[in-house]
Amino acid sequence: MKALVIGGNGFIGTALVDQLIGRGIKVRVFDRYPSRYKEPVDGVEYLIGDFANHGEVSQAVQGVDWVFHLAYTTLPETSNEDPVYDVRSNVIDTIQLLQECCNAGVDKFVFVSSGGTIYGVPQCVPIKEEHPTEPICSYGITKLTIEKYLHLFHHTKKLEYSVARIANPYGERQNPNSKQGAVGVFLGCIARKQPITVFGDGEIVRDFIYIYDAADALIACADYVASEKGPRVFNIGSGVGYSLNQIVDTIRNVVDVEVKVNHTPARQVDVKSNVLDIELARKLLKWEPKVDLETGIKRAWDWTKSLSLV
Ligand SMILES: NC(=O)c1ccc[n+]([C@@H]2O[C@H](COP(=O)([O-])OP(=O)(O)OC[C@H]3O[C@@H](n4cnc5c(N)ncnc54)[C@H](O)[C@@H]3O)[C@@H](O)[C@H]2O)c1
């Protein structure tokens, strides 16, 4: 068994590679950069390339059973600034990738979609997979569009696929300098002895999932054999909502330094509450999250401290 992880040197990708190797699965990583935070793993084949380069992608998909597609060029917060770029660099290049996977006879394609943006403003929480999808950012629209193309490629070319609509992952190797990922950014500020910035009153609620639980879910998605009409799209979260204020309180319990908080105006892109219903994944993927919030934040903090941020 061999897996290709496109975007395998990023936050979710490096955890996924660890879990695949731990299960004795051979791994090839395709990414445009080496990992910033992790040494190459023994036995893993690393290809540096851009998934916009069709020749490189065509070579990368040869001889693999599973393809995990994690590379993405945009973020929810910034995608509305240039939707044309979002569509060109994600939708079009992913369609090309799907064609290459069909040509290479790939057994299973796993796409990492977004539980946080696909649904838009939730009509109810927790959100089930069949909840209406009305994204309020381009990133959510392109993720949804790719899900629809997967359905098309399954229908026309029998490509087997699963979609993981991941909530808010946190944990080791979450970029503390990113524009997304509250836990990682907060811990980065604390490590630098800077105040945390919370948008709005801190009462927006999110579903936070520990990174290795999310990685295990992706493997369960690859393993899952769908019946012809069975579901292929799964919410992957903890199923539990925490406000940003509760996250800050949990961080305070974990870290051994003072935590200062500044509040700035709320952002337009942030919906008030997003918590995923994960019953379908529990039932069909036989997966469930194992690591509670405080334990996960402790591991993330230990890792963040090891960076010696200034
Ligand atoms: N982190 C989150 O909060 C979150 C939540 C839900 C879904 N996702 C999705 O999960 C996936 C992985 O996210 P992440 O947090 O690990 O991001 P990340 O930025 O840490 O990793 C993405 C990796 O993809 C690589 N990449 C980007 N564009 C590429 C290209 N054109 N060619 C080759 N490699 C390229 C990057 O170099 C990086 O190593 C993305 O699709 C993202 O949209 C992330």
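A residue counts as exposed when its relative accessible area is over 50%, and as buried when that value is under 20%. Keep those two cut-offs in mind as you click through this predicted model.

**Stop 1: Lys 158**

Select Lys 158, in the loop between α5 and β6 (161-166). With a relative accessible area of 60%, Lys 158 is over the 50% cut-off and therefore exposed. Have a look at its backbone too: phi is near 65°, a positive value in a residue that is not glycine.

**Stop 2: His 154**

Now step back into helix α5, which spans residues 138-157, and pick His 154. Is His 154 buried or exposed? Its relative accessibility is 6%, so His 154 counts as buried. To see its surroundings, show Leu 159, Glu 160, Tyr 161, Glu 228 and Arg 232, which His 154 touches when residues up to four places away in sequence are left aside. One of these neighbours deserves a distance label: a polar atom of the His 154 side chain lies 3.0 Å from the backbone oxygen of Leu 159.

**Stop 3: the ligand**

Next, select the ligand and display the 22 residues that surround it. The closest are Ile 12, Asp 31, Asp 50, Tyr 139 and Lys 143. Colour the shell by class and you should find 12 nonpolar, six polar and four charged residues. Which elements each supply at least two residues of the shell? They include α1 (11-22), β5 (108-114) and α5, the helix you have just visited.

Three distances are worth drawing here:

- From a polar side-chain atom of Asp 31 to an oxygen atom of the ligand: 2.6 Å.
- From a backbone N or O atom of Phe 51 to a nitrogen atom of the ligand: 2.9 Å.
- From a polar backbone atom of Gly 10 to an oxygen atom of the ligand: 3.2 Å.

Then switch on the protein surface. On its own the ligand has 820 Å² of accessible area, and the protein covers 85% of that.

**Stop 4: a cis peptide bond**

Move to the loop between β5 and α5, where you will find Pro 126. The peptide bond that joins Val 125 and Pro 126 is cis, with omega at about -5°.

**Stop 5: the two domains**

Zoom out and give each domain its own colour. Domain 1 takes in 2-168 + 209-236, while domain 2 takes in 171-207 + 238-305. Their C-alpha centres lie 22 Å apart. Across the boundary, 43 residues of domain 1 are in contact with 34 residues of domain 2.

**Stop 6: helix α6**

Select residues 182-191, which form helix α6. How many of its 10 residues are buried? Eight are, leaving the helix mostly covered. The buried residues are Val 183, Gly 184, Phe 186, Leu 187, Gly 188, Cys 189, Ile 190 and Ala 191. To see what covers them, add β7 (168-170), β8 (196-199), β9 (205-210), α8 (244-254) and α10 (293-305), which are among the covering elements. Just after α6, pause at Lys 193, where phi is positive at about 65°.

**Last stop: Lys 286**

Finish in the loop between α9 (279-285) and α10, at Lys 286. Lys 286 is not a glycine, yet its phi is positive, at about 55°. Its relative accessibility of 70% is over the 50% cut-off, so Lys 286 counts as exposed.

Technical notes:
Residues numbered from 1 in each chain as written. Predicted model: local features only at pLDDT ≥ 70, side-chain atom pairs only at ≥ 80, totals over all residues. Heavy atoms only, no water. Helix = DSSP H or I, 4+ residues; strand = E, 2+ residues; numbered from the N terminus. Buried < 20%, exposed > 50% of the residue type's maximum accessible area, 1.4 Å probe, protein only. Polar contact = N/O pair within 3.5 Å; in protein donor to acceptor, adjacent residues only side chain to side chain. Contact = heavy atoms within 4.5 Å. Near = heavy atom within 4 Å. Areas by Shrake-Rupley, 256 points an atom, 1.4 Å probe, with all protein chains shown as cover. Nonpolar A, V, L, I, M, F, W, Y, C, P; charged D, E, K, R; others polar. Domains from an automatic or database assignment.
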